[in-house]
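Subject: The structure, and what turned up in it

Hi,

Here is the structure I promised to pass on to you. Please have it open while you read, as my notes follow just below.

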Amino acid sequence: MSLLVVGSVAFDSVETPVDKIEKALGGSATFCSVASSYFSNDVKMIGVVGEDFGEQNIQMLKNHKVDISGLDIVEGEKTFSYGCVYRDDMNIRDTLFTELNVFEKFDPIIPNEMREIPFLLLGNIMPALQLKVLDQMTNLKFTVCDTMNLWIDITLNDLLEVIKRVDLLVVNDSEVKMLSKDSNLIRASKKVLEMGPKYLIVKKGEHGALLFGEGKIFSAPAFPLETVFDPTGAGDSFAGGFTGFLTNSNEINFETMKKAVLYGSTLASFCVEKFSTKGIENLSIETIEERFNEFLKLSSVN
Ligand code: AMP
């Protein structure tokens with residue numbers, strides 16, 4: 001089935017303890033779309049870029065069969081630019097700059113022919129824009145939403161409105177604690193589930209992810225990597241892999257979601273092995289399956 005992805009498209013400047021890179025392709029919609037394209041053959045992306053975006057980046061998205069007819073290219077303007085630096089503990093990232101540029105006026109108008117798409121992945125953008133997208137969709141079957149600490153800090157009411165209206169929320173461990181004002185992860189997650197979504201995924205970086213819903217909990221490991229190059233986009237790649245797999249499944253229930261969590265983790269593990277989108281650009285289904293099986297082995301006792 002078709003999947004609509006809405007989010008940011010960016011140039012990222014990233015410094016990690018290993019290396020650094022300037023103005024590389026990034027953005028929540030970019031990582032989400034590429035990661036989901038390995039599972040769904042009909043991914044449509046909504047976003048905005050400036051005239052500096054570059055043919056090479058367009059081509060990369062097209063190579064993944066991502067429909068970019070909803071990607072607005074604004075002449076005379078620059079693409080959203082994000083800079084961050086990672087500490088030695090790469091779970092901690094400090095934002096260096098956020099140049100909104102063309103993103104400042106981003107108004108996600110969903111073309112009429114895309115409003116009936118059943119699966120929606122709301123990548124990390126301002127919650128007011130996520131609400132605007134939800135208002136336009138007419139036939140949603142399942143909506144996944146990602147967010148970040150910034151929105152919990154500065155626009156909580158809008159975010160709570162979004163959370164009420166989505167089927168599944170993906171956040172990291174510190175965000176679920178912030179949202180619920182509870183420092184115990186399990187209590188915090190239950191409180192967030194009471195805010196509206198049927199399912200919740202809590203990402204714990206190098207410690208894996210937890211899925212909550214239907215009164216159950218599933219715990220997935222993270223792939224044990226000795227060298228992480230760049231964690232940027234890992235969360236988006238997770239969300240893309242997860243939602244892409246779900247889009248392609250016949251049934252949406254906790255059992256399917258357990259597998260989807262492992263596919264999301266698989267895509268995230270490839271993402272962090274290289275800078276920018278490079279880690280998820282050239283995968284094959286075979287390589288993905290191979291790592292998925294490694295994930296299964298990690299916590300199997302048979
Ligand atoms: P992740 O590492 O999965 O949390 O996502 C990183 C991506 O989020 C980067 O590629 C950034 O370009 C993008 N990003 C950073 N800040 C924002 C923001 N305020 N709004 C939307 N996207 C952002």
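Where is Lys-181 found? Lys-181 sits in the loop between H6 and H7. Before going further, please keep in mind that this is a predicted model. The backbone of Lys-181 caught my eye: its phi is positive, about 55°, although Lys-181 is not a glycine. Most residues other than glycine have a negative phi. With a relative accessibility of 70%, Lys-181 counts as exposed.

Lys-23 is another residue to look at in this respect. Lys-23 has a positive phi of about 45° and is not a glycine either. Lys-23 belongs to strand E3, residues 20-26, and is partly exposed at a relative accessible area of 49%.

Next, two helices and their buried faces.

Helix H7 runs over residues 185-194, and Leu-185, Ala-188, Ser-189 and Val-192 are buried in it. Looking down the axis of H7, you will see these buried residues fall within an arc of 100°, so they line one face of the helix. The cover over the buried residues of H7 includes E10, H6, strand E11 (199-203) and strand E12 (209-213).

Helix H5 covers residues 156-165, and its buried residues include Leu-159, Val-162 and Ile-163. These three span an arc of only 100° around the axis, which puts them on the same side of H5. Turn to the other side of H5 and you will find Asn-157 and Lys-164 exposed. Several elements help to cover the buried residues of H5, including strand E8 (119-122), helix H3 (127-136) and strand E9 (142-146). Helix H4 (149-154), strand E10 (168-172) and helix H6 (173-180) are also among them.

One residue of H3 deserves a visit of its own. Gln-130 is located in helix H3, and its relative accessibility of 0% makes it buried. Leaving aside residues up to four places away in sequence, Gln-130 touches Leu-122, Gly-123, Asn-124, Ile-125, Cys-145, Asp-146 and Val-162. You have already met Val-162 as one of the buried residues of H5.

Further along the chain, there is a helix pair to show you. Helix H8 (residues 234-247) packs with helix H9 (residues 254-271) at an angle of about 140°, and their axes are 7 Å apart. The crossing in which H8 passes H9 is right-handed. If you want to display the contact, the H8 side consists of Ala-234, Ser-237, Phe-238, Gly-241, Phe-242, Phe-245 and Leu-246. On the H9 side, the residues they meet include Thr-256, Met-257, Lys-259, Ala-260, Val-261 and Tyr-263. Gly-264, Ser-265, Leu-267, Ala-268 and Cys-271 in H9 also take part. By type, the residues of the contact of H8 with H9 are 12 nonpolar, five polar and one charged.

Finally, the charged pairs. How many salt bridges does a search of the whole structure find? That search finds 16, and here are three of them, one by one.

- Asp-67 and Lys-44: their side chains meet in a salt bridge of 3.2 Å, N to O. This pair links distant parts of the chain, with Asp-67 in strand E5 (residues 66-74) and Lys-44 in strand E4 (residues 43-50), 23 residues apart. Asp-67 is partly exposed, at a relative accessible area of 23%, whereas Lys-44 counts as buried at 16% relative accessibility.

- Arg-87 and Asp-94: this salt bridge is 2.9 Å, N to O, between the two side chains. Arg-87 is partly exposed, with a relative accessible area of 43%, and Asp-94 counts as partly exposed at 28% relative accessibility.

- Arg-187 and Asp-182: the closest N and O atoms of this salt bridge are 3.0 Å apart. Arg-187 counts as partly exposed at 49% relative accessibility, while Asp-182 is buried, with a relative accessible area of 7%.

Salt bridges also join up through shared partners: Asp-42, Lys-44 and Asp-67 form one network in this way.

Happy browsing, and best wishes

Key
Residues are numbered from 1 along each chain as its sequence is written. This is a predicted model: local features need pLDDT of at least 70, side-chain atom pairs count only at pLDDT 80 or more; totals for chains, interfaces and linings use all residues. Side-chain values use heavy atoms; hydrogens and water are left out. Buried means under 20% relative accessible area, exposed over 50%, partly exposed in between (1.4 Å probe, protein chains only). Helices (H or I, at least four residues) and strands (E, at least two) are DSSP runs, numbered from the N terminus. The arc is that of the directions from the helix axis to the C-beta atoms. Contact means heavy atoms within 4.5 Å. Axes are lines fitted to C-alpha atoms, for helices over the stretch in contact, and angles run from 0 to 180 degrees between N-to-C directions. A crossing is left-handed if the near helix is turned anticlockwise from the far one by less than a right angle, and right-handed if clockwise. Ala, Val, Leu, Ile, Met, Phe, Trp, Tyr, Cys and Pro count as nonpolar, Asp, Glu, Lys and Arg as charged, and the others, Gly among them, as polar. A salt bridge is a side-chain nitrogen of Lys or Arg within 4 Å of a carboxyl oxygen of Asp or Glu.
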